[in-house]
Amino acid sequence: MSGAEAWVPPNPTLPVLREAVRLCEGCDLRLHATQAVFGQGPRTARMFLIGEQPGNEEDLKGFPFVGPAGRILDQALEAASIDRTSVYLTNVVKHFKFEDRGKRRLHKRPLVTEIRACGPWLEAEVQVVKPRVIVCLGATAAQALFGSAFRVTEKRGMPLEHKWAWHALATIHPSAVLRTRDKQARHAEYSRFVDDLKSAVKLL
Ligand code: URA
Ligand code: SF4
């Protein structure tokens with residue numbers, strides 16, 4: 001496991017990074033995924049949202065948050081009056097990790113070593129965009145920035161300090177809404193998610 005450093009070009013632009021990530025051999029996740037899924041959004045974005053890793057649909061289409069979790073995120077952004085095209089959306093890890101179950105590819109959580117290996121890409125994106133507010137979507141993103149002891153349940157929606165932005169905030173991953181089976185609980189989870197995004201807007 002060598003890490004992505006060697007593949008990240010110096011003083012890059014977003015298009016240069018997006019091109020360069022295709023060649024990355026920073027960890028073994030590239031071996032089974034269809035393609036690297038880089039972040040999406042304008043260089044001028046003030047809000048920078050970080051998910052975990054591309055899912056099945058993202059892996060096939062090449063863009064972040066275009067599957068079921070992305071649809072929840074889209075709805076929630078709209079409910080919080082955030083224009084998706086104005087924010088930068090990316091993931092901690094750029095290649096899809098999965099378990100092959102015949103017809104289906106089941107999402108697998110990335111390891112800490114894989115998250116660390118992919119870190120240089122995320123850091124490069126942050127350095128180009130220089131966001132005001134970073135929103136961590138779920139524990140993987142939050143722990144990548146704040147350490148493995150960080151608990152989203154304890155700190156969600158609260159203003160946090162991080163060197164990469166003026167402010168940061170952690171909330172749940174939109175897939176957690178999908179996983180909540182009970183209808184009422186799911187609605188409550190979704191509303192809190194929207195509230196957290198509204199709190200992020202206030203930090204801009
Ligand atoms: N889940 C993520 O964390 N990121 C995506 O891009 C899609 C689903
Ligand atoms: Fe490189 Fe990240 Fe893909 Fe690993 S997951 S090969 S570090 S882009």
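The shell of residues around ligand 2 in this predicted model is made up of seven nonpolar, two polar and two charged residues. Ligand 2 itself sits in the largest cavity, and a search of the whole structure finds one cavity of 30 Å³ or more. Beyond that enclosed space, the model also has open pockets, of which the largest has a volume of about 940 Å³ and the second largest holds about 330 Å³ of space.

**Ligand 2 and its surroundings**

- The residues that surround ligand 2 are V21, C24, G26, C27, R30, V93, K94, H95, A117, C118 and W121.
- Sorted by class, this shell divides into seven nonpolar residues, with two polar and two charged residues making up the rest.

**The largest cavity**

- The largest cavity, in which ligand 2 sits, contains about 90 Å³ of space.
- Its lining consists of 13 residues, and those that lie nearest the centre of the largest cavity are C24, G26, C27, H95 and C118.
- C24, G26, C27, H95 and C118 also appear in the list of residues surrounding ligand 2.
- In terms of class, nine residues of the lining of the largest cavity are nonpolar, while two are polar and two are charged.

**The largest pocket**

- The largest pocket has a volume of about 940 Å³, and 35 residues line this pocket, with A69, H107, H173, S175 and R179 lying closest to its centre.
- Several elements give two or more residues to the lining of the largest pocket, namely the helices α2 (56-61), α3 (68-79), α5 (139-146), α6 (152-155) and α7 (174-179), together with the strand β4 (104-107).
- The lining of the largest pocket divides by class into 13 nonpolar, 13 polar and nine charged residues.

**The second largest pocket**

- About 330 Å³ of space lies in the second largest pocket, which is lined by 16 residues, and V112, I115, R116, Q143 and A144 are the ones that lie nearest its centre.
- Two elements, α4 (112-129) and α5, give two or more residues to the lining of the second largest pocket, and α4 provides the largest share of that lining, with six residues.
- The helix α5 therefore takes part in both pockets, since by the criterion of two or more residues α5 is listed for the largest pocket and again for the second largest pocket.
- By class, the lining of the second largest pocket has nine nonpolar, four polar and three charged residues.

Conventions
Residues numbered from 1 in each chain as written. Chains lettered and ligands numbered in written order. Predicted model: local features only at pLDDT ≥ 70, side-chain atom pairs only at ≥ 80, totals over all residues. Heavy atoms only, no water. Near = heavy atom within 4 Å. 1 Å grid on protein atoms, 1.4 Å probe; cavity = no way out; pocket = protein on both sides within 12 Å on 5 of 7 lines; lining within 4 Å. Sits in = over half its atoms within 2 Å of the grid points. Nonpolar A, V, L, I, M, F, W, Y, C, P; charged D, E, K, R; others polar. Points joined across faces, edges and corners; volume = space filled by probe spheres on them. Helix = DSSP H or I, 4+ residues; strand = E, 2+ residues; numbered from the N terminus.
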